Amino acid sequence: LRLTSYLHPEVRPSNRTTQPPSSSLTLVLMVASAAIGGTLQYGYNLAIMNSPTTFIQTFINETFLERWDFQLEDYQVTLVWTIIVSIFSLGGFAGALIAGPMTIRFGRKKCLLLNNIFLMSGSLLAVTSRAAKSFEMIIISRVLIGINAGISMNVQPMYFGESAPKHLRGAISLSSAVFTAFGVVLGQVVGLREILGSEQCWQYLLASNAIPGFIQLLTLPWFPESPRYLLIDRGDKEACINALRRLRGCEVQSSELDEILQEQAETKGMRPSRPWELFTDRSVRWQLISVMIISSAMQLCGNDSIYFYAYYVFKEAGISDEKIQYITIGTGTCEFTACIMCNLLIERKGRKFMLMGGFILMTVWAVVFTIALSFEHYISWMPYLSMTCIFTYILSFGMGPAGVTGVLPTEIFNQTSRPAAYMIAGSMMWLNLFIMGMIFPFLVSELSEFCFVPFAVVCLLSALYVGLFLPETKGKSLSAITSEFHKLNFKGV
């Protein structure tokens, strides 16, 4: 079968001796538009919950006192606050489960636009909760915003991976992690007491996530849908070619359209896979194991926990409470900087190198951090080594797991399996985030200065798995990647 016979007359044959065409401004702006209302929200909504902790706990107590003339104990206030924070993860889990069916039914772009319904509803509940004197509205708001984050964390990398040219696929997909880290920094800055992190403004801080959502609603409709979705799922070759032409800023290369047509031919007559069907499909066994392990490791490696531990370490180093909020911004800036560096290096060094290197460095720094915590009361400069470990641990996470994890399902699953694969990967990520949020305080109380030893074990095992079983996907077509996994899936057959 000569796929080139299907080509549109305006498709330009590729010249193997020339470099791939440079991507257009349209692709860059599309990435920014989707990410501002997408994965940026995940980082932003994690970060903004640190500043108003005391104010919301006071609000919870006052609400109980006014309604039932009942004063809550400290542990009861903490329990309600823990529910408010942790239920964001359960909302994310729900979002990950509905993301797959939504992308199949509505497409990648329209799914991101519809996702703002959850965001706007949650923001409205948050901003009116204080006037309504209802902490329950904050809980519901966090569920809805969690659903929004769960959907965007799945759909956005899929949209980017399917829209980017092969030679930029990793870098474009990795921009999801860059915007997540930027969301953390932005949330930390907006949460400063001088901006919205004050007692008078905490409800506006919780609702400020509506602004990026409005920006996405105003800009994303002007950009094209995923070319692969248009051709493979909808069978609209004309729309696919138009989308490719706009995203590339030039006439479509025949080699690129050939690859999409080949995937269409391979999946012809096949319906989208359901998540449970992937568990019984031997042809995707190692792909599924890989995304489940790496998605779980992304949360079980302790990076989010180190943000919570940072306050204690900075306090031990003698930094005043007033200054800690400013130094904490440095932790988010570290991850943001590392994600940008990873974005620049991923197409040179490859996914496997960045992922394995990140986990190995995190293992080393977790061990050093444990040593520093153990001797901080005996050696005067140890608290400063602990501070250094916090920043280097976050840098190592940003250089590898933070970005590469979201790229993998796009590259190792075909069009019919990809939505289900993202549902499974997203579910593992959000469930493990919830588990970590619940068990980390107990790890600290039981293991004390050794609480990062389990994280070191997770990072080491993850690095070993990547090194032994995960094929490199840099610059390869889906057919070539599938062929490599085929050898693993049917080894000995």
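This passage walks through a few helices of a predicted model and two residues found within them.

A good place to start is helix H17, which covers residues 321-349. At 1.5 Å a residue, its 29 residues should span 42 Å, and the end C-alpha atoms turn out to be 41 Å apart, which agrees. Even so, H17 has a kink of about 30°, with Asn-343 at its centre. Just beyond the helix comes Gly-350, whose phi is positive, at about 95°.

Cys-334 sits in H17. With a relative accessible area of 14%, Cys-334 falls under the 20% cut-off, so this residue counts as buried. Leaving out residues up to four places away in sequence, Cys-334 touches Phe-391, Ile-394 and Leu-395. Sequence separation can be a poor guide to position in space here: Cys-334 and Ala-181 are 153 residues apart along the chain, yet their C-alpha atoms are separated by 8.7 Å.

Helix H19 spans residues 382-399. The 18 residues of H19 reach 25 Å from the first C-alpha to the last, close to the 26 Å expected at 1.5 Å a residue. Of these 18 residues, 13 are buried, so H19 is largely enclosed by the rest of the structure.

Leu-174 offers a second view, this time from helix H8, which runs over residues 169-190. Its relative accessible area is 1%, and Leu-174 is therefore buried. Apart from neighbours within four places in sequence, Leu-174 is in contact with Cys-339, Cys-342, Asn-343, Ile-346, Gly-403, Val-404 and Val-407. One of these partners, Asn-343, is the residue on which the kink in H17 is centred. By comparison, Leu-174 and Glu-251 are 77 residues apart along the chain, and their C-alpha atoms are separated by 26 Å.

The last topic is a pair of packed helices. Such a pair is described by the angle between the two axes and the distance between them. For H18 (residues 351-374) and H20 (residues 401-412), the axes come within 9 Å and cross at roughly 145°. The crossing of H18 past H20 is left-handed. On the H18 side, the contact is made by Arg-351, Met-354, Leu-355, Gly-358, Phe-359 and Met-362. H20 contributes Pro-401, Val-404, Thr-405, Val-407, Leu-408 and Glu-411. Sorted by character, the residues of this contact comprise 8 nonpolar, 2 polar and 2 charged. Val-404 and Val-407, which take part in this contact, are also among the residues that Leu-174 meets.

How values were computed. Residues are numbered from 1 along each chain as its sequence is written. This is a predicted model: local features need pLDDT of at least 70, side-chain atom pairs count only at pLDDT 80 or more; totals for chains, interfaces and linings use all residues. Side-chain values use heavy atoms; hydrogens and water are left out. Helices (H or I, at least four residues) and strands (E, at least two) are DSSP runs, numbered from the N terminus. The expected span of a helix is 1.5 Å times one less than its number of residues. Buried means under 20% relative accessible area, exposed over 50%, partly exposed in between (1.4 Å probe, protein chains only). Axes are lines fitted to C-alpha atoms, for helices over the stretch in contact, and angles run from 0 to 180 degrees between N-to-C directions. A crossing is left-handed if the near helix is turned anticlockwise from the far one by less than a right angle, and right-handed if clockwise. Contact means heavy atoms within 4.5 Å. Ala, Val, Leu, Ile, Met, Phe, Trp, Tyr, Cys and Pro count as nonpolar, Asp, Glu, Lys and Arg as charged, and the others, Gly among them, as polar. The bend at a residue is the angle between axes fitted to the seven residues ending there and the seven starting there.
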